[in-house]
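Biologist: Could you walk me through this one as if I were new to it? I'll ask, you answer.

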Amino acid sequence: MLRQWKRSWRSAATVVALICAVSAPSLIASADTGATVINLTDTFEFEPHEVMIHAGDIVEWRNTSRFNHTVTADPTQGHATLPPSAESFSSQELRPGASFRHTFTVPGNYTYFCQPHEGIGMVAQIIVLAK
Ligand SMILES: [Cu+2]
């Protein structure tokens, strides 16, 4: 009887641990890729819309929406801002299910946007701290 109770308690604890892992904030690095994951959403947002990482870290944007989006950090194409010595970058149009990765090597503040949806506020920020 006691053994059975212990076993069910243990599986309940496992379920709680799994639920916590699933609902953890998405700015925590994902275990599968080692990258910080940002989702491109149906509500035309980068989620989370502000993340803080360290120089050398990888960010992976995933288009989890039904629309095409881009990840564009290029001041010649819109209202992006980059640290002075950082190079601009932009993804192609990302179809639903597509993803894009960038490694940030230069510390500073980055503001980037989605080309089709910048006008409706699809803009976000990444703060890159020195190592
Ligand atoms: Cu978009």
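**Getting to know the fold**

Modeller: Sure. Out of the 131 residues in the protein chain, 22% count as buried. Keep in mind that this is a predicted model.

Biologist: What pLDDT does the protein chain average?

Modeller: Let's begin with the share of residues that do well: 75% of them score at least 70. Over residues 8-26, though, the pLDDT is below 50, and this stretch has 4 contacts in the model beyond near neighbours in sequence. Where pLDDT is low, the predicted coordinates should not be read in detail. For the protein chain, the average pLDDT is 85.

Biologist: How many strands are there in the protein chain?

Modeller: Reading from the N terminus, the elements go α-β-β-β-β-β-β-β-β-β. That gives 1 helix, and the strands number 9.

Biologist: Which strands stand at the edges of the open sheet?

Modeller: The open sheet has 4 strands in the order 2-1-4-7, and the pairing is mixed. Each edge strand has a single partner strand, so one side of it is left without a neighbour in the sheet. Those at the edges are strand 2 (46-47) and strand 7 (99-103).

Biologist: Which residue in strand 2 stands opposite Leu40?

Modeller: Strand 1 and strand 2 run antiparallel, joined by 2 bridges. Opposite Leu40, in strand 2, stands Phe46.

Biologist: Do strand 3 and strand 9 run parallel or antiparallel?

Modeller: Strand 3 covers residues 50-54, and 5 bridges join it to strand 9. One pair to look for is His54 with its bridge partner Leu129 in strand 9. Strand 3 and strand 9 run parallel.

Biologist: Over how many bridges do strand 8 and strand 9 pair?

Modeller: Find Phe113 and you'll see that Val123 in strand 9 stands opposite. Strand 8 and strand 9 pair in the antiparallel sense, and the number of bridges is 6.

Biologist: Which strand gives the most to the largest nonpolar core?

Modeller: That core has 20 residues, and those with the most contacts inside it are Ile38, Tyr112 and Ile126. Two or more residues each come from strand 1 (36-40), strand 4 (58-63), strand 8 (108-113) and strand 9 (123-129). The one that gives the most, with 4 residues, is strand 9.

Biologist: Leaving aside neighbours within four places in sequence, which residues is Tyr112 in contact with?

Modeller: Tyr112 is one of the residues with the most contacts inside the core. Once its neighbours within four places in sequence are left aside, Tyr112 is in contact with Val71, Thr72, Ala73, Ala80 and Ala124.

Notes. Residues are numbered from 1 along each chain as its sequence is written. This is a predicted model: local features need pLDDT of at least 70, side-chain atom pairs count only at pLDDT 80 or more; totals for chains, interfaces and linings use all residues. pLDDT is the predictor's confidence in each residue, from 0 to 100. Two residues are in contact if their C-beta atoms, placed from the backbone, lie within 7 Å. A nonpolar core is a set of buried Ala, Val, Leu, Ile, Met, Phe, Trp, Tyr and Cys residues joined through C-beta atoms within 7 Å. A residue is buried if 20 or more other C-beta atoms lie within 10 Å of its own, exposed if 12 or fewer, and partly exposed in between; C-beta atoms are placed from the backbone. Two strands pair if DSSP finds at least two bridges between them.
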